[in-house]
Each structure stands twice: as C-alpha cells, then as structure tokens.
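Student: I would like to go through this structure with you, one question at a time. Shall we start once it is on the screen?

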Amino acid sequence: MLSRGHQMAYHSFTHPPMEGLPDKAAIDSELTQAIDAVQKTLNVRSKYFRPPFGTEGARIRQRLAAVIPGSKFINWSVDVEDYLWALSSTPEKQLDAFKRDLARGGNLVVMHYLYPTTVQYLPQFIALAKATGKQLMRVDQCLEDPEAPPL
C-alpha cells in the first residue's frame, strides 16, 4: 500500500482508550510499541496519530508530543458507525451514518477494514463524497503538510 501512495499513521499497540490508561508510562508504552512495530514491519515513521475510540485529552497530547516531536493528532468528522451496524441485520445503516456526517460538513472518515460490509460499501462512500465536491486525499495532504506529496 505504501508503494501505491497510501499514508501510514499510528493508532496504538493494543487499542485501549488512551486517556483511560493509568499513567504516563502506560501511554508511552502504547505509543512506543506502536512506533517500534511499524518501524520493524514497514521501515517507516510517521508523525500522525489517531487515538483509539477518538479519546483525547491533555495527557495523551502531552505524551504524544514528547514521544513524537512535531506529531499531529488526528480525529474524524465522519463515522460510518461500522462497529454498530456492520455485523447487524441492517449494515446499510453505515451509509445513513456516512450521509448524515457528510451533510454536517464532515471530511475525515473513520471506518474499519475488518468488516466485510464496510469494505463492500467503500465504493458508495467514495461516490457520495465525490458527489458533494469532496476530493479524496491523504491526511497529510488535507492538513497541507509541506512534506506531503502533491495531490
């Protein structure tokens, strides 16, 4: 995926709600284990981090800045709610959630590839976004990072 221009970012190592961790050492451990795993597996580094469950607060922001200088904290504004609907009898509600958040001006999507129905709806998500004039791009491009590749 990297060779095709996709961007890699950190998410944590064991997927806990980061602000719920007991102390700085636990937060640092989640971050450094994720960094080490990505470095070992893909031989890349990133300054981008999306917290599990979208939990954010002063502690995680402080620790992220300490562990990854110049880091960027990323959260979403469009949630397909696949964790609620993908395995239900109404997986199409993911489309409803996407449309709702898109109509509210959302522009950064969270979804999980581990659900087959979410993957199945991806072409529809893309078509809906493009129909509103949205342009698909990487997070670093959206944030106009000077190190991002051109659109």
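Tutor: Happily! One definition to begin with: a residue is buried when its relative accessible area is under 20%, exposed when over 50%, and partly exposed in between. Keep in mind too that this is a predicted model.

Student: With those limits, is E81 buried or exposed?

Tutor: The relative accessible area of E81 is 15%. Buried means under 20%, so E81 counts as buried.

Student: Which residue forms a salt bridge with E81, and where do the two partners lie?

Tutor: The closest N and O atoms of the pair are 3.1 Å apart. E81 sits in the loop between β3 (78-79) and α3 (82-85), while its partner belongs to helix α4 (residues 93-103). The pair links distant parts of the chain, 19 residues apart. That partner, partly exposed at 30% relative accessibility, is R100.

Student: Which residues are joined with E81 into one network of salt bridges?

Tutor: Besides the pair of R100 and E81, D101 forms a salt bridge with R104, with 3.7 Å between the closest N and O atoms. D101 is buried at 7% relative accessibility, whereas R104 is exposed at 65%. Through salt bridges that share partners, E81 is joined into one network with R100, D101 and R104.

Student: Which residue meets the side chain of R61 in a salt bridge?

Tutor: The N to O distance in this salt bridge is 2.5 Å. R61 has a relative accessible area of 40%, so R61 is partly exposed. Its partner is also partly exposed, with 40%, and is E56.

Student: How many salt bridges does the structure hold?

Tutor: Side chains of opposite charge can pair when their charged atoms come close. We have met some pairs already, including R61 with E56 and R100 with E81. For the structure, the number of salt bridges is nine.

Student: Now the nonpolar side: which helix gives the most to the largest nonpolar core?

Tutor: This core has 13 residues, and Y10, M18, I27, L31, F49, I60 and L64 touch the most other members. Both α1 (24-42) and α2 (58-67) supply at least two residues each. With four residues, the helix that gives the most is α1.

Student: And which residues are included in the second, separate core?

Tutor: The second core is made up of eight residues. Among them are V80, F98, L102 and Y121.

Terms used
Residues are numbered from 1 along each chain as its sequence is written. This is a predicted model: local features need pLDDT of at least 70, side-chain atom pairs count only at pLDDT 80 or more; totals for chains, interfaces and linings use all residues. Side-chain values use heavy atoms; hydrogens and water are left out. A nonpolar core is a set of buried Ala, Val, Leu, Ile, Met, Phe, Trp, Tyr and Cys residues joined through side-chain atoms within 4.5 Å. Buried means under 20% relative accessible area, exposed over 50%, partly exposed in between (1.4 Å probe, protein chains only). A salt bridge is a side-chain nitrogen of Lys or Arg within 4 Å of a carboxyl oxygen of Asp or Glu.
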